[in-house]
Amino acid sequence: MKKFRPHIAACLMCAALAGGAAFAEDLVILHTNDTHSLIDPDKDGKGGVLQRKAIIDSVRRAEKNVVLVDAGDMVQGTLYFKYFKGAVEYPLMNMLGYDIRILGNHEFDNGLEELARNYRNVKSSRLSANYDFKGTPLEGMFDPYVIKKIGGRKIGFIGINVDPESLISKENITGVGFKDVIKTANSTAAYLKKDKKCDLVVVVSHIGVVKDNDKATDYDLARASENIDIIIGGHSHTVIEPGNRGKYPSLVENAVGRPVLVAQTGKYGKKLGYIKIDLDALKSVAPDKFDYQLIDVTDRFPAEKLDKKVADFIAPFKSKVDSVNNRVIARSLYYLDSDDRNGGYANWTADFARWFGQLKLDSMAGADGMPLHLDMGVMNVGGIRQSMPAGDVTEGQMLATFPFSNHIVITAVKGSDIIDALGVAARKGGEGISGNVRVVVDGDGNLKRVVIDGREMDPDKTYNVATIDYVAAGNDDLAGFGRGKLLWRDDVEMAVPMLRYVESMTKLGLPIAPDTTGRFQKEVVL
């Protein structure tokens, strides 16, 4: 990866001026995605709004034409959003000077009214070509595209949003219409190129590049396109390295054999995307010749070089967040990776759900007057937003790891529906399932059978499952659980009983020490 040094670019510009040479007219697109409320750098000094702004400002000083773009999910994932519900992130995006923004799925987490309240003060161009907000609180706030005239060229930007089905809770997106990703993007791009005479078309999307269901990805869009030059994406948290030809390539051939540049920076604002384009050469240079880089956002800037106005704005919010983050409530024996779909953290959350659910069922009588039995716990890995370090665990870490307003529920689900849902989970690489359950898969990850308490699951039997209301509604592609019958729903958010559980174990002198064995296991063939 090439290292970008803004001060060198500035020096080269000055040298050219001194020599009387004519400048090429360049455009630099800086982009972020899935920053997920990471306001402060992480424990390794990566990310952080102040450091990001320092880099952005240095590029703006060095380059004449800079457009700053965000591809969605800039909220949810730390206490800054849990406590202040956007009062930190939305003003900060204005202070950083974003020019173009689109919605991710997590912008909808607190419903349309709150989203509209936050978005009324957004200063950038707000794009969405394939959501129809008519009749909702967001009506009139978004445009399908924007055209920017830069260096004598017309640059069209299109906003493309993710299919909300089984991803965004229905109550949080009621009334919003969804249009097909590929049809909408292609028709809008054709309009911009042919009717509006745009020289370059950039899609800013939040659909991701990972194919784990039948929804379109950025790669699908690129291959089906004819008039799109660049796709700046998000959602899948993928670091697309410049020049990569492997699993996540940065260049994809479109429907007419022309390369499309596909860019994404990963997550948490730890990298800033940088695309430099020679506008004078647009007619003769294809996107494979654009200068695409990823700039690491680190703590290399000293405090005196950071923006004081932004630091002063963050300070009072940071004080409250730090007070919670500093309270140690447990100790973990292992590092637990939030991205491991078939590992310790997924197991731990599902085991907690089963333990807590059984406590509740012990007090609920069945039709025969006997206490009900809880058969299994299930939790979605997508609800685990941060990894757990080995060693001290703080209250803030736990709250930030499970930031959503989810509630533990108990639902009665037919075996065939559970098998259907776990088949989807298997193809995605796993989900959290309790220790009495194993999902047996073949070499390609396809489900062969579900084993519960040492026996194959009966498709015709009904099982009592503890999970969260989001999963019980069939979200996260786990549609089978949505066909269950709700038996009980906790009144408080899931984080409350989870914190009580962790603290009670600590009082007993017990660490967090989950079973790290994968519960989605490859079939043994003798």
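This passage describes a nonpolar core, a four-stranded sheet and the surroundings of one lysine in a predicted model.

In the predicted structure, the largest nonpolar core comprises 146 residues, and those with the most contacts inside it are Ile 29, Phe 108, Phe 157, Ile 230, Ile 275, Ile 277 and Met 398. Helix 9 gives the most to this core, contributing six residues. Ile 277, one of the residues with the most contacts inside the core, touches Ile 29 and Ile 230 as well as Glu 25, Asp 26, Leu 27, Leu 200, Leu 282 and Phe 290, when neighbours within four places in sequence are left aside.

Helix 9 spans residues 344-361 and includes Lys 360. This lysine has a relative accessibility of 29%, and Lys 360 therefore counts as partly exposed. Beyond its neighbours within four places in sequence, Lys 360 is in contact with Ile 410 and Trp 488. Val 59, by contrast, is 301 residues from Lys 360 in sequence and 57 Å from it in space, as taken between C-alpha atoms.

An open sheet of four strands, with mixed pairing, follows the order 22-21-20-25. Strand 22 (455-456) and strand 25 (520-522) stand at its edges with a single partner strand each, so that one side of each is left without a neighbour in the sheet. Helix 11, formed by residues 415-428, packs on the sheet and touches strand 20, strand 21 and strand 25, while its direction makes about 120° with that of strand 21. Strand 20 (residues 437-441) and strand 21 (residues 447-452) run antiparallel and are joined by five bridges; Val 437 has Ile 452 in strand 21 as its bridge partner.

Key:
Residues are numbered from 1 along each chain as its sequence is written. This is a predicted model: local features need pLDDT of at least 70, side-chain atom pairs count only at pLDDT 80 or more; totals for chains, interfaces and linings use all residues. Side-chain values use heavy atoms; hydrogens and water are left out. Helices (H or I, at least four residues) and strands (E, at least two) are DSSP runs, numbered from the N terminus. Buried means under 20% relative accessible area, exposed over 50%, partly exposed in between (1.4 Å probe, protein chains only). Contact means heavy atoms within 4.5 Å. Two strands pair if DSSP finds at least two bridges between them. Axes are lines fitted to C-alpha atoms, for helices over the stretch in contact, and angles run from 0 to 180 degrees between N-to-C directions. A nonpolar core is a set of buried Ala, Val, Leu, Ile, Met, Phe, Trp, Tyr and Cys residues joined through side-chain atoms within 4.5 Å.
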